[in-house]
Amino acid sequence: MVKYLIKRLLLGALTLLMLATILFLLMHAVPGSPFAGNTGNLPANVREELVSHYALDKPIHIQYIKFLENTVRCDYGISLQRRGRSVSDVILAGFPNTARLGIVAFCIALFVGVLLGTAAAFSKRRWVNRAAVLIAAVGAGVPSFLLAILMMLLFGVTLHWLPVVGLSSWKHYIMPAVSLALAPIAMISRLTKTSLTEVMKQDYMVLAKSKGTDRFTMIVRHAMKNAMTPVVTYAGSLLATLLTGSFVIETLFSVQGIGAEFVASVINADYTMIIALTVLYGAFFVICNTLADIITAVLDPRIKLK
């Protein structure tokens, strides 16, 4: 297990290095200085700070080393559009809102998806299976922003049950979190149902049943553990996606998160912010998928032997 863990951590570190290298090369693919379109309106001292911070007056290999050092320290200088504020300050101001909303949506998706998939796999009642299929179809076919708008009109405007702006109380999380969680619920429920159906056909499950093991113990101790492998694999990328925010949902519910910051930085050509958020997104995907691989190996020891 230790060897597998070290291998996954080294692979994750190599992936981050490749991401940083590609980002550096793309930044330097821009004709002239990567900040040429923005620095003309900046004060001279700010331009000098940018040039010094990214070592733009140095040879390319020195610039690359400086870029890697800044990436390791999470120091990307100042924002070109938010004068007087560092990139780190802007991200730290918006990330907690995005992270809280993403974690709530992730927990909802995981709990409801596994519950629906399990119910659909073991229940003999038709309406349970039909309900699971309907929810999966709606989740796969209805865009999150459309569901968000419908819920805002119904629960916020018409019924006045839920607030629609900000994240100042637990009620504010319900509609945006459900909007983000619906599509993952559909995927997780399908994965859970399919995996449980296959697991229950395995020889060891037939043996456990023939030995008189009660159904609850058989499902919880044997079936669920072996059936969760595809769910955990999907959950890794899902968590990374939700933690990095959704521009549309954050905009609809006026959430001051980093999802909106990324789109705004692209529109405004705020290169320092683009660089920082791209590295942040990549880091989240690598870390979350690495954790998912490790958890999967714990659940299924055969994986680390391959």
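The following is a question-and-answer session on a predicted model.

Trainee: How many helices and strands does the protein have?
Mentor: Along the sequence, the pattern is α-α-α-α-α-α-α-α-α-α-α-α-α-α. No strand appears in that pattern. The totals are 14 helices and 0 strands.

Trainee: What percentage of the residues in the protein is buried?
Mentor: A residue counts as buried when its relative accessible area is under 20%. The protein has 306 residues, and the buried share of them is 41%.

Trainee: What share of the contacts with a separation of 6 or more joins residues 24 or more positions apart?
Mentor: A contact here means heavy atoms within 4.5 Å. Of the contacts in the protein with a separation of 6 or more, the share from residues 24 or more positions apart is 73%.

Trainee: Which element gives the largest share of the largest nonpolar core?
Mentor: The largest nonpolar core has 41 residues, and Met 228 and Phe 253 have the most contacts inside it. The elements giving it two or more residues include α5 (87-122), α7 (144-158), α8 (170-199) and α14 (271-299). The largest share is 10 residues, and it comes from α8.

Trainee: Which residues does Met 228 touch, leaving out those up to four places away in sequence?
Mentor: Met 228 is one of the residues with the most contacts inside the largest nonpolar core. With residues up to four places away in sequence not counted, Met 228 touches Val 114, Thr 192 and Leu 299.

Trainee: How many residues are in the second, separate core?
Mentor: This core is separate from the one described above. Among its members are Phe 24, Val 87, Ile 258 and Leu 277. Its size is 16 residues.

Trainee: What is the orientation of α5 relative to α11?
Mentor: The axes of α5 and α11 come within 8 Å and cross at roughly 155°. Angles over 145 degrees count as roughly antiparallel. Therefore α5 is, relative to α11, roughly antiparallel.

Trainee: How many nonpolar, polar and charged residues make up the contact of α5 with α11?
Mentor: From α5, the contact includes Phe 95, Thr 98, Gly 102 and Phe 106. From α11, it includes Val 231, Ala 235 and Leu 238. By class, the residues are 14 nonpolar, 2 polar and no charged.

Trainee: What is the orientation of α8 and α10 to each other?
Mentor: The axes of α8 and α10 are 9 Å apart, and the packing angle is about 125°. Roughly perpendicular covers 65 to 115 degrees, and roughly antiparallel starts over 145. The angle of about 125° fits neither class, so α8 and α10 are oblique.

Trainee: Which residues of α10 make the contact with α8?
Mentor: The α8 side consists of Ser 195, Leu 196 and Val 199. By class, the contact has 5 nonpolar, 2 polar and no charged residues. The α10 side consists of Ala 223, Met 224, Asn 226 and Ala 227.

Trainee: Is His 160 buried or exposed?
Mentor: His 160 lies in the loop between α7 and α8. Its phi is near 55°, a positive value in a residue other than glycine. The cut-off for exposed is over 50% relative accessible area. His 160 has 63% relative accessibility, so it counts as exposed.

Trainee: What is the relative accessible area of Ser 254?
Mentor: Ser 254 is in the loop between α12 (247-252) and α13 (258-267). Ser 254 also has a positive phi, about 55°, although it is not a glycine. It is partly exposed, with a relative accessible area of 35%.

Notes:
Residues numbered from 1 in each chain as written. Predicted model: local features only at pLDDT ≥ 70, side-chain atom pairs only at ≥ 80, totals over all residues. Heavy atoms only, no water. Core = buried A, V, L, I, M, F, W, Y, C linked by side-chain atoms within 4.5 Å. Buried < 20%, exposed > 50% of the residue type's maximum accessible area, 1.4 Å probe, protein only. Helix = DSSP H or I, 4+ residues; strand = E, 2+ residues; numbered from the N terminus. Axes fitted to C-alpha atoms, helices over the stretch in contact; angles between N-to-C directions. Parallel < 35°, antiparallel > 145°, perpendicular 65-115°, else oblique. Nonpolar A, V, L, I, M, F, W, Y, C, P; charged D, E, K, R; others polar.
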